[in-house]
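Trainee: May we go through the terms applied to this structure and ask what justifies each one?

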Amino acid sequence: MQLILGIESSCDETGVALVRVPAGGGLPQLLAHGLHSQIEMHRAYGGVVPELASRDHIRRVLPLTEQVLADAQVALADLDVVAFTRGPGLAGALLVGAGVACALGAALGKPVLGVHHLEGHLLSPFLSADAPQFPFVALLVSGGHTQLMRVDGVGQYTILGETIDDAAGEAFDKSAKLLGLPYPGGPELAKLAEGGNPQAFKLPRPLLHSGDLDFSFAGLKTAVLTQANKLGADLPAHKADLAASTQAAIVEVLVKKTVKAVQQSGMQRLVVAGGVGANRLLREQLNAVCAARGIRVHYPELHLCTDNGAMIAMAAAMRLQAGQQQADCSYAFDVKPR
Ligand code: KG4
Ligand code: ZN
């Protein structure tokens, strides 16, 4: 049995979690996790302020670690590996997690392991009771990435398609900003869209018929801006309709390309991960089209869709189990923002 602590600090959430790797094999189990969101702090600025993010991670990470260890009734000295998000993310924010992980590792004489943030998202559905099995096609939709990939096992990832400009989360966030919605835009736009008509405005579905599995969302944001400008003083009365139309455009492209990727791969399993995976319309539409085609869809639990420490601890545990990577005692705390 191994106990692995995971620390996430790449952006605006401080996450710490503890997983146990069963001695006899089998999926690692989440023992406890703690999360502190900085959303309230950044809201006044309309987006994440990197310097404030770093400072808040410093304030939160040790109390969260103490809380997680207490919740799991595990002593600090019993940890076997300390994992942290190595990147991508904000450099200063990443350095907080890396610094704390390396300091803990050095003090305890235990190895540390840097984890790729996206691999954390990708493997987060393994934390749910209904965990997927390899191989599968994954749709990774976060604030910074939109990728379709074939996943044959831990560390065996083949990119099938990705965005050539903005990520899906970015499209949600930037459109929300154009509609005057507060940060974080994605969930706010989704909420507003609930009361709107998705057919009210004709917005582009970029690359929908491109024949490949790539995405492009930059043009959509421009179309939303054009529409908002056209409405002018009438925008408030049509805001929900414009939000619903925007969401429908993003979701339609994501769903169609994803189903195409699954069908082309010949697989019957899909994993959806990353913050946009929390979107209700995306889940509804994917569930419906996949059910009709006999494709099983797996998501992380809703509260583990956005950034958290559990996915980092889990990814570290699965990598170590698969022999894909080894924790080490160099304590170099190098981060990879990009
Ligand atoms: O995975 P994540 O927490 O952070 C990154 O690694 O980027 O994803 C954050 C993104 C943001 O763009 C946010 O607006 C979006 O996920 N998001 C949503 C929803 N919840 C979060 N977008 C649409 N609908 C939601 N319910
Ligand atoms: Zn993320």
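Mentor: The discussion below takes salt bridges, burial and the nonpolar core in turn. This is a predicted model, in which local features need pLDDT of at least 70, side-chain atom pairs count only at pLDDT 80 or more, and totals for chains, interfaces and linings use all residues. Residues are numbered from 1 along each chain as its sequence is written, and side-chain values use heavy atoms, with hydrogens and water left out.

Trainee: Why is the pair of Asp334 and Arg86 called a salt bridge?

Mentor: The term requires a side-chain nitrogen of Lys or Arg within 4 Å of a carboxyl oxygen of Asp or Glu. The closest N and O atoms of Asp334 and Arg86 are 2.7 Å apart, so the pair qualifies. Asp334 follows helix H10 and Arg86 lies in strand S4, so the bridge ties together parts 248 residues apart in sequence.

Trainee: What makes Asp166 buried, but Lys221 partly exposed?

Mentor: Buried means under 20% relative accessible area, exposed over 50%, and partly exposed in between (1.4 Å probe, protein chains only). Asp166 has 8% and is therefore buried, whereas Lys221 has 23% and is therefore partly exposed. These two residues also form a salt bridge, with closest N and O atoms 3.1 Å apart.

Trainee: How is Lys191 classed, buried or exposed?

Mentor: Lys191 has a relative accessible area of 57%, and is therefore exposed.

Trainee: What makes a set of residues a nonpolar core?

Mentor: Its members are buried Ala, Val, Leu, Ile, Met, Phe, Trp, Tyr and Cys residues joined through side-chain atoms within 4.5 Å. The largest such core here has 45 residues, and helix H8 gives the most to this core, with 13 residues.

Key: Chains lettered and ligands numbered in written order. Helix = DSSP H or I, 4+ residues; strand = E, 2+ residues; numbered from the N terminus.
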